[in-house]
Amino acid sequence: MTGHEIREIFLKFFENKGHTILPSASLIPLNDPSILWTAAGMVPFKPYFTGSSKPEFSRVTTCQKCIRTPDIESVGRTARHHTFFEMLGNFSFGDYFKESAIPWAWEFVTEQLRLPPERLWITVYQDDDEAFDIWHRVVGVPADRIVRMGKDTNFWEIGVGPCGPCSEIHVDLGAERGCGVPGCAVGCECDRYLEIWNLVFIQYFRDEEGNYSPLANKGIDTGMGLERVASVLQNVPTNFETDLLREIVDFTAELIGLKYGIESKVDLALKVIADHCRAITFAVTDGALPSNEGRGYVIRRLLRRAVRLGRLMGMQGLFMSQVAGTVISQMGKAYPELVERQDHVLKVILAEEERFGETLAQGTEMLNQIIAGLKASGGSVIPGVSAFKLYDTYGFPLELTREIAAEQGLTVDSEGFGDAMEGQRQLARSARRETEYISERDAFFKDLRERVGSTTFVGYNSLEAESSVLGILKGGERVKSASAGQEIEFVLDVTPCYAESGGQVGDFARVTAPELDVEVFEVSKPVENLFIHRGKVINGVIKEQDLIQVQVDSARRAAICRNHSTTHLIHKALREVLGGHVNQAGSLVEPERLRFDFTHYGAMSQDELKRVESIVNRAVLANLPVEVFETSVAEARALGAAALFGEKYGERVRVVKMGDFSLELCGGTHLRSTAEAGLFKIVGESSVGAGLRRIEAVTGEGALTYIEEREKQFAEIARLLKAPPHKTAHRVEGLLQNIKDLEAESEMLQARLARYQMQELLDRVQEIKGVKVLAGQVATPDMDSLRGMVDLLRDKIGTGVIVLGSESNGKVNLVAAVTKNLLDRGLHAGKLIKEVAALVGGGGGGRPELAQAGGKDPSRLNEALGTAYQEAGRQIKDS
């Protein structure tokens with residue numbers, strides 16, 4: 001059974017059990033800063049398990065693409081570790097529980113996958129009698145094949161939030177795959193008993209104190225690794241031999257000119273390249289880009305690790321984009337976004353590999369410097385810290401450092417390298433929170449919502465509302481009231497205020513009642529349906545249960561709407577001008593300006609910027625109606641709505657349509673017509689990372705202000721040029737020509753002056769003991785110019801001694817030169833310059849043939865230069 005067949009059979013099986021098949025969510029989690037990647041099938045459903053959001057479907061099944069990076073170094077060394085993998089799962093949100101999940105799991109593995117029951121083992125949490133009884137009494141699994149396990153393996157929880165016991169299905173792969181140790185059983189670290197499916201029964205909520213309380217609505221979260229199941233059904237020893245990965249491995253081997261399955265070192269490299277390229281290809285498809293932080297750093301690290309191994313195997317050219325092409329051709333049917341964004345993905349990978357080639361050259365140079373310094377000091381071992389810096393900063397593998405060091409008769413402190421590597425791993429582990437359900441802050445606000453109630457948002461259609469105060473917070477603590485002068489946070493049952501999200505800033509507002517005035521300057525939404533208004537009591541006292549009036553700052557909201565609607569127009573215009581690879585990568589919408597980040601490979605030309613600006617302004621002038629409606633994700637996809645990557649599963653989505661020009665998913669506030677934007681003006685375009693660009697722009701009154709300021713500047717320039725505005729360009733061209741002519745004349749005069757100065761200096765040549773000696777002061781701006789003058793004079797006199805000095809910014813510069821044929825007569829430029837410099841309050845030295853010095857007393861420069869003749873005479877030995 002192929003991997004693709006397993007995927008289809010699983011989804012169809014649960015569809016027949018009343019589940020809705022949903023497409024895989026993006027690898028980049030939506031609105032969840034606590035994690036870098038979607039690392040499990042449940043990640044897109046966190047809001048449903050925490051209760052912060054309500055699902056559209058109570059039963060869902062998916063095949064979720066996942067990335068996990070805790071054990072990158074284990075990839076290729078074990079049979080099962082991957083950075084990218086697919087997780088099959090079925091989920092229940094308050095619908096069925098163990099009584100259905102367990103029998104269905106058994107039915108699927110024994111009847112659909114046809115795994116022999118006698119090879120299957122079950123684990124349950126040690127106190128979960130309910131699960132044990134269902135497996136034994138309902139399903140019929142013998143009691144001696146059900147193993148009770150402890151909390152460390154069979155209870156799922158991470159911090160505060162929903163949690164519960166687990167039950168796992170293991171396959172006995174046979175004694176030949178085991179460790180041979182007596183007593184080897186389920187739970188052993190060897191490869192004999194392979195876990196293929198984990199059923200998590202979400203039935204408790206853990207609070208900050210570690211107390212567990214039963215959930216009213218229990219849930220099911222299961223995860224089955226597709227690659228693992230494929231390895232069992234295809235009877236291969238590792239996941240890399242399955243049809244999901246073997247094609248990529250074989251293609252890479254052929255590309256490099258190697259064969260898989262002959263040498264373990266080669267096999268390791270081929271496995272890593274195949275695995276990492278899958279992760280990179282899918283991640284870039286979903287919008288990740290290589291960078292030096294966050295998920296971008298993960299992508300960069302994976303690509304560099306794969307390229308390094310390719311280089312060690314003898315691959316000299318660029319190859320990762322070719323391997324990515326194989327990933328796309330193999331997986332494109334199951335994940336059509338790979339094909340849709342293929343050009344973009346391959347260009348990003350190719351550009352990053354080229355960039356790494358340059359970095360690798362820098363690493364080679366650094367290693368050469370380390371080796372040179374080590375030899376100079378008599379050392380023979382490259383420190384582990386230095387080797388790790390090469391690895392971490394420049395992507396140099398330890399093996400390559402060892403190889404180059406050995407060629408120079410040196411070794412590497414491998415133990416020190418390992419210590420540095422482990423230190424970095426410990427930091428990464430301590431900072432990692434791969435699949436945390438809910439943070440303590442979220443738990444606080446979720447609890448607050450349960451105690452005070454939720455907020456109804458009416459701000460799409462109204463800028464004012466009558467409301468009731470549900471709760472007041474001061475300093476993070478709930479209070480009954482607050483008085484004038486106090487800054488507070490408060491919750492209303494109804495609000496017209498937009499809470500900051502999706503790049504759009506929150507509203508400002510005024511909350512009033514008889515003898516009450518509160519200024520609102522921040523609105524946030526920490527959990528769904530809970531709007532936190534932050535503000536200052538200007539007058540009166542605000543109390544819980546007060547009836548109040550809320551009025552949004554309408555002028556500010558209008559300005560925000562102009563900028564937000566325009567970002568949609570920019571997105572479409574960029575795709576028209578630059579190509580379909582352009583995708584939004586972030587935005588900031590404020591009343592004064594807008595910022596739009598997008599994927600693109602290089603700086604935009606002035607012509608491209610003008611075309612984008614023109615397209616957007618034409619759409620504004622077209623007075624396109626802005627329509628907003630809600631629909632399902634599937635319907636939005638069918639309509640061709642942009643920005644589908646990262647959308648939540650199962651929820652109805654809000655679509656913003658601007659005529660036939662733009663169609664995007666968006667939860668922000670917008671204009672009624674594009675004409676209300678007034679005017680659009682780009683004020684900047686820049687890079688914000690590899691393959692990531694940023695446009696900054698203004699609209700409406702902001703655009704008018706920008707143009708007015710430019711007109712003022714233009715008028716001032718015209719005044720300074722003493723020309724009418726329409727003739728300023730002609731006037732500037734004339735001035736530039738005048739400057740060019742004056743510069744040419746200046747160069748000619750400087751050359752003439754230099755000839756006169758040089759002739760004057762040559763007249764000062766004295767012959768002492770048969771040696772020409774020249775000393776004098778010249779007018780040069782810096783030491784480089786002074787050395788250049790020495791070179792010219794040396795060419796003129798042929799053989800001799802030259803000592804020149806100059807004054808620059810109140811300091812003295814000195815240079816002395818001795819032609820090489822005179823060194824054996826005792827002349828030494830360094831010793832000569834040292835004596836001369838002493839008279840001007842300075843010092844210096846250098847080589848016998850050339851030296852330089854500085855001084856602090858320009859008033860004695862001529863006197864010092866005069867002594868050069870006497871000092872040279874003292875040094876000259878008779879020939």
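1. Glutamate 522 is partly exposed, with a relative accessible area of 33%, and this residue is a convenient place to begin reading what is a predicted model. Its side chain meets that of arginine 534 in a salt bridge, with a distance of 3.5 Å from N to O. Because glutamate 522 sits in strand E19 (residues 516-527) and arginine 534 in strand E20 (residues 530-539), the pair ties together parts that are 12 residues apart in sequence. Arginine 534 counts as partly exposed as well, at 32% relative accessibility.

2. In the whole structure there are 42 salt bridges, and another of them is formed by the side chains of lysine 17 and glutamate 107, at 3.1 Å from N to O. This pair links distant parts of the chain, 90 residues apart, since lysine 17 belongs to the loop between helix H1 (3-15) and strand E1 (20-21), while glutamate 107 belongs to helix H3 (residues 98-112). Glutamate 107 has a relative accessibility of 22% and therefore counts as partly exposed, the class that begins where buried, under 20%, ends.

3. Glutamate 590 and arginine 593 also form a salt bridge, in which the closest N and O atoms are 3.0 Å apart. Glutamate 590 is partly exposed at 21% relative accessibility, and arginine 593 is likewise partly exposed, with a relative accessible area of 30%. Elsewhere, salt bridges that share partners join Arg300, Arg304, Glu352 and Arg355 into one network. As background to these pairs, side chains of opposite charge can pair when their charged atoms come close.

4. Turning to the interior, the largest nonpolar core has 115 residues, and those with the most contacts inside it are Val109, Trp135, Ile169, Ile196, Trp197 and Met320. Helix H8 (residues 264-285) supplies the largest share of this core, namely 13 residues. In soluble globular proteins, nonpolar side chains tend to be buried together.

5. Which residues is isoleucine 196 in contact with, leaving aside its neighbours within four places in sequence? The contacts of isoleucine 196 are Val109, Leu115, Ile169, Val171, Gly223, Met224, Gly225, Val229 and Val232. Val109 and Ile169, which appear in that list, are also named among the residues with the most contacts inside the largest core.

6. A reader new to the structure should note, finally, that there is a second, separate core, which has 41 residues and includes Met758, Val771, Ala817 and Val836.

Notes. Residues numbered from 1 in each chain as written. Predicted model: local features only at pLDDT ≥ 70, side-chain atom pairs only at ≥ 80, totals over all residues. Heavy atoms only, no water. Salt bridge = Lys/Arg side-chain N within 4 Å of Asp/Glu carboxyl O. Helix = DSSP H or I, 4+ residues; strand = E, 2+ residues; numbered from the N terminus. Buried < 20%, exposed > 50% of the residue type's maximum accessible area, 1.4 Å probe, protein only. Core = buried A, V, L, I, M, F, W, Y, C linked by side-chain atoms within 4.5 Å. Contact = heavy atoms within 4.5 Å.
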